[in-house]
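Thanks for coming, everyone. I have a few places in this chain that I would like to walk through with you, so please have the viewer ready.

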Amino acid sequence: MSTLEQSAPSLSWETPKPTAVIVLADGTTIYGQGAGASGVAEAEICFNTAITGYQEILTDPSYAGQIVTFTFPHIGNVGTNEEDYEDLEPENKSDVVGAIFKSEITAPSNFRSTSTFDAWLKARGIIALYGVDTRALTAYIRENGLANAVIAHNEDGEFDIDSLAAKAKAWNGLEGQDLALPSSSDDNTEWLEQSWVWDEGYSNQENAEHHIVAIDFGIKRNILRLIADLGCKVTVVPAQTSAEKILALNPDGIFISNGPGDPAATGEYAVPIIQKLIESDVPIFGICLGHQILSLALGAKTVKMHQGHHGANHPVKDHTTGKVEIVSMNHGFAVDSSSLPDHVKETHVSLFDDTNCGIALKGKPVFSVQHHPEASPGPQDSHYLFTRFIDLIKAHKKQAA
């Protein structure tokens, strides 16, 4: 034996005991290391392709009832802060059930960070798992569809897999679930905050020219900020607010927000409200769940998608301008374009799978989009839609004068 061989150290590869597990409804079991909150929860697993904005994603109420698999490997390395929240009441625990990462959470490296990501996950009640092949899990979802699952985190590493598998199999999924109502506001709220500015933070709209009433089905803050940027004060109202009460606020425009769950379930109480608002001729703009509910109110149908659209890099074509924009998306249901009635035109379409991404009501100032023009995170290609909304409001006010 050579001197080199004699002095070479002995090597061993030690795999740590798993402290977290995901069990899918078909029995597929994925072990990893736990982070965030401990516990067990049933949810639907989706994947998100954004490479930035994990705090915004995990505070988006539209993710209620879901576990987010991040395809970008390094999540958490810039920590969290007190500004990048998207839910209206950030002191509440998140609607997101869980999160899955490839790499271990590292110490934060960002001047805005006020908390480590792991501590933030614990405080929000989000169960997390890392150290797994997220590409393989993403491929599974692409091939088999959005998966019902159970996520569990236990520092002792003790799991009753048969019991977890039974829970996953018994969970009914998101179809038929109205998750918008528990994500909505309890009372009317006035909103004036505008978009974040470098080295200044947020400021308030002080010269509001228009009044918007926003129906909250799980609204995102950046939507409200972009509306405020365009000379508006916004009154946010709970999801079940009647059309009569909304119109009594004398809105110049009405916004129908994003939110979680099955639009058909939410539509049972929301559709009659929206139909009365359409009759009022006040300009209406809807985003995501708001788009789906508006479509239902106009006579269309919605369907559950195979894998959904979640990410910040989706190409969408605007038939009005002929342009293609890269947008942020977050939805597991879609409007069935074949069900659109003759008085509704399709304005936007996904270039990934040709699913509907926008409509407009012929003859009235009413339109909506499936994607998220406010982004956060994501590109700003679709910010023009907020200006389009304000232009409709200006035209309507001029006509009424």
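In which strand does aspartate 216 lie? The residue sits in β9, and I would like to start there. Before going on, please keep in mind that this is a predicted model.

Aspartate 216 is buried and yet has no salt bridge. If you look for the nearest side chain of opposite charge, you arrive at arginine 221, 10 Å away. What does the side chain of aspartate 216 reach at 2.8 Å? That partner is the backbone nitrogen of glycine 218. The backbone nitrogen of isoleucine 219 also comes in, lying 2.8 Å from a polar atom of the aspartate 216 side chain. Leaving aside residues up to four places away in sequence, aspartate 216 touches a set of residues that includes Leu88, Ser183, Ser184 and Ser185. Val236, Val237, Pro238, Ala239 and Ser257 are also among its contacts.

Arginine 221 brings us to the next stop, helix α7, which covers residues 221–229. Eight of its nine residues are buried, so the rest of the structure largely encloses this helix. Which residues of α7 are the buried ones? They are Arg221, Asn222, Ile223, Leu224, Arg225, Leu226, Ile227 and Ala228. As a reminder, an α-helix has 3.6 residues a turn, so residues three or four places apart point the same way. With a run like Arg221 to Ala228 on the buried list, it is worth asking what the buried residues of α7 pack against. The strands are β8 (189–191), β9 (210–216), β10 (232–238), β11 (253–256) and β12 (284–287). Helix α11 (384–400) is a partner as well. Just after α7, you will find glycine 231 with a positive phi of about 80°.

Now to the charged pairs. How many salt bridges does a search of the whole structure find? It finds 13, and I will show you three pairs.

One of them joins the side chains of glutamate 44 and lysine 304, at 2.9 Å from N to O. This pair links distant parts of the chain, 260 residues apart: glutamate 44 is in strand β3 (residues 39–48) and lysine 304 is in strand β13 (residues 302–318). Is glutamate 44 buried or exposed? Its relative accessibility is 3%, so glutamate 44 counts as buried. Lysine 304 is partly exposed, with a relative accessible area of 25%.

Next, please go to glutamate 83 and arginine 112, whose closest N and O atoms are 3.0 Å apart in a salt bridge. Glutamate 83 is in the loop between β4 (66–70) and β5 (98–100), and arginine 112 is in the loop between β5 and α3 (117–124), so the pair ties together parts 29 residues apart in sequence. Both ends count as partly exposed, glutamate 83 at 28% relative accessibility and arginine 112 at 22%. Asp84 joins in too: Glu83, Asp84 and Arg112 are linked in a network of salt bridges.

The last pair takes us back to α11. Lysine 397, in that helix, is linked with aspartate 252, in the loop between α8 (243–248) and β11, across 145 residues. The closest N and O atoms of this salt bridge are 3.6 Å apart. Aspartate 252 counts as buried at 18% relative accessibility, where the cut-off is under 20%. Lysine 397 is partly exposed at 28%.

Let's move to the surface. Phe111, Trp196, Val197 and Trp198 form a nonpolar patch there, with about 490 Å² of accessible area together. Phenylalanine 111 is in the loop between β5 and α3, and with a relative accessible area of 67% it is exposed.

I will close with some backbone geometry. Most residues other than glycine have a negative phi, and most peptide bonds are trans. Which peptide bond is cis, with omega near 5°? The bond runs from serine 376 to proline 377, and proline 377 lies in the loop between β17 (366–369) and α11.

For positive phi, look at asparagine 250, with a value of about 55°. Asparagine 250 is in the loop between α8 and β11 and is exposed, at 60% relative accessible area. Cysteine 288 has a positive phi too, near 60°. Its loop runs between β12 and α10 (289–297), and cysteine 288 is buried, at 2%. Thanks, and I am happy to go back to any of these spots.

Notes: Residues are numbered from 1 along each chain as its sequence is written. This is a predicted model: local features need pLDDT of at least 70, side-chain atom pairs count only at pLDDT 80 or more; totals for chains, interfaces and linings use all residues. Side-chain values use heavy atoms; hydrogens and water are left out. Buried means under 20% relative accessible area, exposed over 50%, partly exposed in between (1.4 Å probe, protein chains only). Helices (H or I, at least four residues) and strands (E, at least two) are DSSP runs, numbered from the N terminus. Contact means heavy atoms within 4.5 Å. Lys and Arg count as positive and Asp and Glu as negative; His and the chain ends are not counted. A salt bridge is a side-chain nitrogen of Lys or Arg within 4 Å of a carboxyl oxygen of Asp or Glu. A polar contact is a pair of N or O atoms within 3.5 Å; within protein, one must be able to donate a hydrogen and the other to accept it, and residues adjacent in sequence count only if both atoms are side-chain atoms. Patches are made of residues with over 30% relative accessible area and no salt bridge: like charges are joined within 9 Å, nonpolar side chains (Val, Leu, Ile, Met, Phe, Trp, Tyr) within 5 Å. Accessible areas come from the Shrake-Rupley method with a 1.4 Å probe; for residues, only the protein chains shown count as cover.
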